[in-house]
Amino acid sequence: DQMPKRFQCDFTTAQGMRIVADVPLEVLTDGAFPTLEVEKRLLSRSDRVTLATRLLNSEDLYIFEENVTRKDIAEWIRMLMQEPSPEEKAEWMREENGTEEQWQQMQKRRRELIAEYQQMYNELPDDDARAPLRRWDGSAPELDRYDYSAYDLVTDPMPEGYRYMQERVQIAPEELNGFTYMTARANEYDVTGVFSFDHSRKTIEERIDPNDYDKPHDGATATPNDAIRLVQGLFDGVCRFKPAEVWWANNVATDGEATSIDENTRWAYLLRLTQDYSGANGPYCDADAADWESDAEYIIPWSYESLIAAVDGSGELISLQWCSPLKVTKTVAESTPLLPYEEILGIFETQINREFIYESFKDATLTVETVQLGLFRIREKNDMEHGLMVPVWFFTGRLNRPSGEEMHYDCLNPLLIINAIDGSIINAMNGY
């Protein structure tokens, strides 16, 4: 109630870059913002089973494996039996900045794979007759740092076709804590993974105004709220989510030479949701937080919690992924006092002048595209397990240079994050 309806500013930095903003201020709470202590949440067997059976609409689930033959395995063994040459080792050491210990661990894993494949070869029947897939027991796979492993769950113990032709749920190792669903492809050119919708370069015009969530988008019969309720219902009793933002997006590739829109292009509501903390939620941030300058040999980044989903215009789920679940361990404050808007505006101007201090930004224009006030996770340095949920101001925008060059400051690389309690600046890549 103390905040304006819109975030507005128009000023020029010391280096001559113009900053303009006149956008709705999105306050992501039904009432107050709490401050909460949180930690990584490991999904329980019950969580995994509940979500997988709901998404695949079956109690009987199986771990998918491609239908390999003795001939296939013999070729795999033949390739693994080839000892790397000194030149190949040197190239790997150079490109991966690897150590001798890491190289030896890789060679040990190679020999283990040969033994595993040999056992698979011996267990297959001579006539290559298929065996039913093994039933899933609710477990998650073991983490293998050299070979990403996940269980792809399907409903048919004797499925036909390749992996991408299956409707499936993917279960990642507990340490990575990923949970993914995607519908089967209609053909080999179809793409159903949610990241194909999330990674496309979207313009701010494709972002749907929260005030329009009850209106079907052009080309759709379902509304954004229909899509939101569909996804929320799948997680009932497991986790509560609220929308951070909704886009109208497609799955056209944007890397390299962009694929033109054709009959295989899917259009969908791209939902970005974050956990509901007693009526408050946060902005969607796609960055990974870690102590990137650490001397640690192996770092698993701590992504920010989110649920992203693609729901087509008729209201059918295409795909989703739940990333980095959090568990509240303590409520520090049920209602957190916030700095006045005028003070935030001053901090924003000061920090923009600091960030864009170089002369190369002269005569550029920075346009603020979205401003959200919501909960965000911060952590202590050297702690990748525990954090605080605090209210922040989260800004995205677009910078245009006179040359025509554009820079986007979006959910992967936010323009600015200001702690709404003390005015400090938060670096999304560090996590504090």
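This passage describes the sheets, pockets and cavities of a predicted model.

A convenient place to start is the open sheet of eight strands, whose order is 4-5-6-7-13-12-9-8 and whose pairing is antiparallel. The edges are taken by strand 4 (62–63) and strand 8 (241–250); each has a single partner strand, so one side of each is left without a neighbour in the sheet. Within the sheet, three bridges join strand 5 (residues 151–154) to strand 6 (residues 168–171) in the antiparallel sense, and here tyrosine 151 has isoleucine 171 of strand 6 as its bridge partner. Two helices pack on this sheet. Helix 1 (residues 45–56) touches strand 5, strand 6, strand 7 (179–182) and strand 13 (317–323), and its direction makes about 10 degrees with that of strand 7. Helix 6 (residues 224–234) touches strand 8, strand 9 (267–275), strand 12 (306–312) and strand 13, and the direction of helix 6 makes about 55 degrees with that of strand 9.

Attention now turns to strand 16 (residues 386–400), in which 11 of the 15 residues are buried, so the strand is largely enclosed by the rest of the structure. Its pairings help to fill in the picture. Strand 3 (residues 35–40) runs antiparallel to strand 16 and is joined to it by four bridges, with glutamate 37 partnered by leucine 388. Leucine 388 of strand 16 also stands opposite isoleucine 378, and the antiparallel pairing of strand 15 with strand 16 extends over 14 bridges. These two strands form a hairpin with six residues between them, where asparagine 382 takes a positive phi near 70 degrees. Strand 18 (residues 416–419) pairs with strand 16 through four bridges, again antiparallel; tryptophan 393 has isoleucine 418 of strand 18 as its bridge partner. Strand 17 (residues 406–409) is likewise antiparallel to strand 16, with four bridges, and asparagine 400 stands opposite glutamate 406 of strand 17. The hairpin of strand 16 and strand 17 has five residues between the strands, and in it glycine 404 takes a positive phi near 100 degrees.

Next come the open spaces. The largest pocket holds about 1,300 Å³ of space. Its lining counts 34 residues, and those closest to its centre are Phe64, Glu65, Glu66, Met120 and Arg134. Helix 4 (100–123) and strand 5 are the elements that give two or more residues to this lining, and helix 4 has the largest share, with seven residues. By class, the lining of the largest pocket has 18 nonpolar, three polar and 13 charged residues.

The second largest pocket has about 710 Å³ of space and a lining of 36 residues, with Leu176, Pro301, Ser303, Cys323 and Ser324 nearest its centre. At least two lining residues come from each of strand 7, strand 11 (302–303), strand 12 and strand 13; strand 13 gives the most, with three residues. This lining divides into 21 nonpolar, eight polar and seven charged residues. Serine 324, one of the residues nearest the centre of the second largest pocket, also has a notable backbone: its phi is positive, at about 50 degrees, although it is not a glycine. Serine 324 sits in the loop between strand 13 and strand 14 (326–333). With 11% relative accessibility, below the 20% limit, serine 324 counts as buried. Aspartate 363 offers a useful counterpart, as another residue that is not a glycine but has a positive phi, here about 70 degrees. It lies in the loop between helix 7 (341–355) and strand 15, and its relative accessible area of 51% makes aspartate 363 exposed.

Finally, the model contains two cavities of 30 Å³ or more. The largest cavity has a volume of about 120 Å³, and 13 residues line it, with Thr274, Pro283, Glu305, Leu375 and Met389 nearest its centre. Strand 9 and strand 15 (365–379) each supply at least two of the lining residues, and strand 15 gives the most, with three. The lining of the largest cavity comprises eight nonpolar, three polar and two charged residues. The second largest cavity has about 50 Å³ of space. Among the residues that line it are Leu43, Arg48 and Ile171, and Ile171 is also the bridge partner of tyrosine 151. Four nonpolar, two polar and two charged residues make up the lining of the second largest cavity.

Conventions
Residues are numbered from 1 along each chain as its sequence is written. This is a predicted model: local features need pLDDT of at least 70, side-chain atom pairs count only at pLDDT 80 or more; totals for chains, interfaces and linings use all residues. Side-chain values use heavy atoms; hydrogens and water are left out. Two strands pair if DSSP finds at least two bridges between them. Contact means heavy atoms within 4.5 Å. Axes are lines fitted to C-alpha atoms, for helices over the stretch in contact, and angles run from 0 to 180 degrees between N-to-C directions. On a 1 Å grid over the protein atoms alone, a cavity is a set of points where a 1.4 Å probe fits but cannot get out, and a pocket is an open set with protein on both sides within 12 Å along at least five of seven lines; lining residues have an atom within 4 Å of a point. Grid points are joined across faces, edges and corners, and a volume is the space filled by probe spheres set on the points. Ala, Val, Leu, Ile, Met, Phe, Trp, Tyr, Cys and Pro count as nonpolar, Asp, Glu, Lys and Arg as charged, and the others, Gly among them, as polar. Buried means under 20% relative accessible area, exposed over 50%, partly exposed in between (1.4 Å probe, protein chains only).
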